Amino acid sequence: MSERTKPRPRITPDSQPFWDALRERKLVLPHCAACGKPHLPPGPVCPFCFSDRLEWRPASGRGTISTWTVVHKAWFPAFAADIPYNVVQVELEEGPRLTAKLVGLPNDRLKVGLPVTIDFEEERDGITLPRFRPVP
Amino acid sequence: MAYSIRDQTAIVGIGQSEFGRFLPDSQLKLGAKALKAALDDAGLTRADVDGVAIHLGWPLGVDYDRLAEAYGLSLRWVSQTWLHGRFVTSALQQAAMAVACGLASVVACVTAISFTRERQILGGPGDAEGTREDGGTHGESPPYGLTAPAGGAALAMQRYMALYGATSAELAAVPIAFRKHALKSPHAVMKTPLTLAEHQASRMVVDPLRLYDCCLITDGAAVVLVTSAERARDLKQAPVYIAGMQGLRSGRDEFIFAPRGLGINQQPARREQPPERDLAVYRMAGIERKDVAGLYTYDAFSPVVLFVLERFGFCGPGEAASWVQNGRIELGGELPMNTSGGLLSEAHVGGWNSILEIVRQLRGAAGERQIPKARHLQWGTAWGDSVIFRSAR
């Protein structure tokens, strides 16, 4: 199995600006123009006040690991060569949590609360996946 | 409460196929065996069944129309949930509501699955859920290789361990307890004891979940027949009344495999005691939590067993991992759970194997697994839905 068979993110009309920004190596979040709160995953309305007035703002890219796991089983053949690989949830400074992976740290040092900062994978098939690195 | 379904309906028949791996029978054949057994148990005939609630329909199990056609049923009410085990409670509740509302007289709740033949539907390339618009429902993130339900349970348990200092060895008390129960169930797939050393030596699947923290992948069918309490009293078996129920919790503060407030996905990270709204099942049944003689849950992964205890307030937030030690959830303990072995050690029949066990217990027919003087048993899940069953005895 090649890299190419890894699943691509399913981009919806609601999340298109999120992925467009990532191709420019920028992390943006949908904010509510009515109540001011940001949210993830990108939705059609503000989940807090139900307003339609959403706007995209740059995120700091900083956060902490709120939880993590290391996958040891090949559910997906395309990931078999990567085993064991980590998946983390990062609580961004702005509040919402983003699922991604962490690079630049051995898996046995993954820890809840670890400060991290945004990084980007190489663009592949028009997609740039966000990832995180430990804060130096 | 203006209207309550309390004790208006009852389970009057239970049936099952054999449980096992790589069974040769079709899913429909397994279901037919279970339905015949349930009808025989209840003293009813096929013609009495006018409603069906299918749990685990497409893309995993059988669909209602093919089932009705194959079994020659004539239905006036159907309900069907898709793929997920989480809808076990919904299927049973819908059956009870349909009967109570007069939409059907006898509803067969049917789960008939061959997980071993449909293996690739769970977390593999054949799993369409993670890649559909707006993604999977267990925190899946397919581009990063988090594609199976186990991943969501792992994310929740990892944070739980970090917050409360719980350990894998403590978590092991759950599968070890259920294995002990399975050894007393003639239907159980797992036939040998599980030790702490074996649990700790078993391979890591998705950290911190080891092999024995993940449920079995098996084949089998189970059928539960629901009818009105009035009709139930004239049938062959002592009725097992549906005394109270509450629905599945969902919202931004919920994650399917975490208690409220754990901080998984977009949940607020703030734990508290269960609010009154989440204890409605006891009120409807007219009992207190302490009146529950045993708790049964959808144990897809061992952490959700801890989480259900905290969700319903059997222990406080963060206490479950220590609470389950020293046989507390075993037969003979303070709160026996999943006394036929659950999904972890009896079989994965979408949780219905535990519903069958509840019925056997409340009939006083659980043999060496019998919980003495069991009058109320609770089915409750980590995602907050529940049914309390009352014995007629």
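**Stop 1: the sheet in chain B**

Start with chain B of this predicted model and select its open sheet of 9 strands. Walk across the strands in this order: β3-β2-β4-β7-β1-β8-β11-β10-β9, with mixed pairing along the way. The edges are β3 (77-80) and β9 (294-296) of chain B, and each of them pairs on one side only. Now try looking along the sheet: from one strand to the next, the twist averages 25 degrees.

Next, zoom in on the β9 edge. Select strand β10 (residues 376-380) of chain B together with β9(B), and you'll find the two paired in the parallel sense over 3 bridges. Which residue in β10(B) is the bridge partner of Leu295(B)? Pick Gln378(B) and you have it.

Then bring in helix α2 (residues 64-71) of chain B, which packs on the sheet. This helix touches β2 (51-54), β3 and β4 (106-114) of chain B. Compare directions, too: the helix makes about 130 degrees with β2(B).

**Stop 2: a helix tucked inside chain B**

Stay in chain B and select helix α13 (residues 352-362). Why does this helix count as largely enclosed by the rest of the structure? Because 10 of its 11 residues are buried. To see them, show the side chains of the buried residues, including Trp352(B), Ile355(B), Leu356(B) and Leu362(B). Don't expect nothing but greasy names here: Asn353(B), Glu357(B) and Gln361(B) are also among the buried residues of α13(B). After the helix, click on Gly364(B), whose phi is positive, near 75 degrees.

How confident is the predictor in this chain? Chain B averages a pLDDT of 95, and 99% of the residues score at least 70.

**Stop 3: where the two chains meet**

Now show both chains. How many residues of chain B are in contact with chain A? There are 34, and they meet 30 residues of chain A. On the chain B side, two elements give two or more residues each: α4 (149-164) and β5 (204-206). Select α4(B) before moving on, as this helix gives the most to that side, with 6 residues. Color the chain B side by class and you'll get 13 nonpolar, 14 polar and 7 charged residues. For the complex, the predictor gives an ipTM of 0.96 and a pTM of 0.96.

**Stop 4: two domains in chain A**

Hide chain B and look at chain A by itself. The domain assignment splits chain A into domain 1 (11-59) and domain 2 (60-136), so give each a color of its own. Their centres, taken over C-alpha atoms, are separated by 20 Å. The contact between them takes 10 residues from domain 1 and 14 residues from domain 2. On the domain 1 side, select helix α1 (residues 16-23) of chain A, which gives the most with 3 residues. By class, that domain 1 side has 7 nonpolar, 1 polar and 2 charged residues.

**Stop 5: following the strands of chain A**

Select strand β3 (residues 62-71) of chain A. Since 7 of its 10 residues are buried, β3(A) is largely enclosed by the rest of the structure. Look for its partners: β3(A) pairs with β6(A) in the antiparallel sense over 3 bridges, and Thr64(A) has Pro115(A) as its bridge partner in β6(A). β3(A) also pairs with β4(A), again antiparallel, over 8 bridges. One bridge to click on joins Val71(A) to Tyr85(A) in β4(A).

Carry on to strand β4 (residues 85-92) of chain A, which pairs with β5(A) in the antiparallel sense over 4 bridges. Find Gln89(A), and its bridge partner in β5(A) is Thr99(A). β4(A) and β5(A) make a hairpin with 4 residues between them, and Gly95(A) in the turn has a positive phi of about 120 degrees.

Now turn β5(A) over: is it covered on both faces or open? Both are covered, with buried Arg97(A) and Thr99(A) on one side and buried Leu98(A) and Ala100(A) on the other.

**Last stop: Leu105(A)**

Finish in the loop between β5 (97-100) and β6 (115-120) of chain A, where you can pick Leu105(A). Leu105(A) counts as partly exposed because it has 17 C-beta neighbours inside 10 Å. Leaving aside residues up to four places away in sequence, Leu105(A) touches Leu110(A) and Pro134(A). Put a distance label between the C-alpha atoms of Leu105(A) and Pro134(A): they are separated by 7.1 Å, although the two residues are 29 residues apart along the chain.

Terms used. Residues are numbered from 1 along each chain as its sequence is written. Chains are lettered from A and ligands numbered from 1 in the order in which they are written. This is a predicted model: local features need pLDDT of at least 70, side-chain atom pairs count only at pLDDT 80 or more; totals for chains, interfaces and linings use all residues. Domain bounds come from an automatic or database domain assignment. Two residues are in contact if their C-beta atoms, placed from the backbone, lie within 7 Å. Ala, Val, Leu, Ile, Met, Phe, Trp, Tyr, Cys and Pro count as nonpolar, Asp, Glu, Lys and Arg as charged, and the others, Gly among them, as polar. Two strands pair if DSSP finds at least two bridges between them. Axes are lines fitted to C-alpha atoms, for helices over the stretch in contact, and angles run from 0 to 180 degrees between N-to-C directions. A residue is buried if 20 or more other C-beta atoms lie within 10 Å of its own, exposed if 12 or fewer, and partly exposed in between; C-beta atoms are placed from the backbone. pLDDT is the predictor's confidence in each residue, from 0 to 100.
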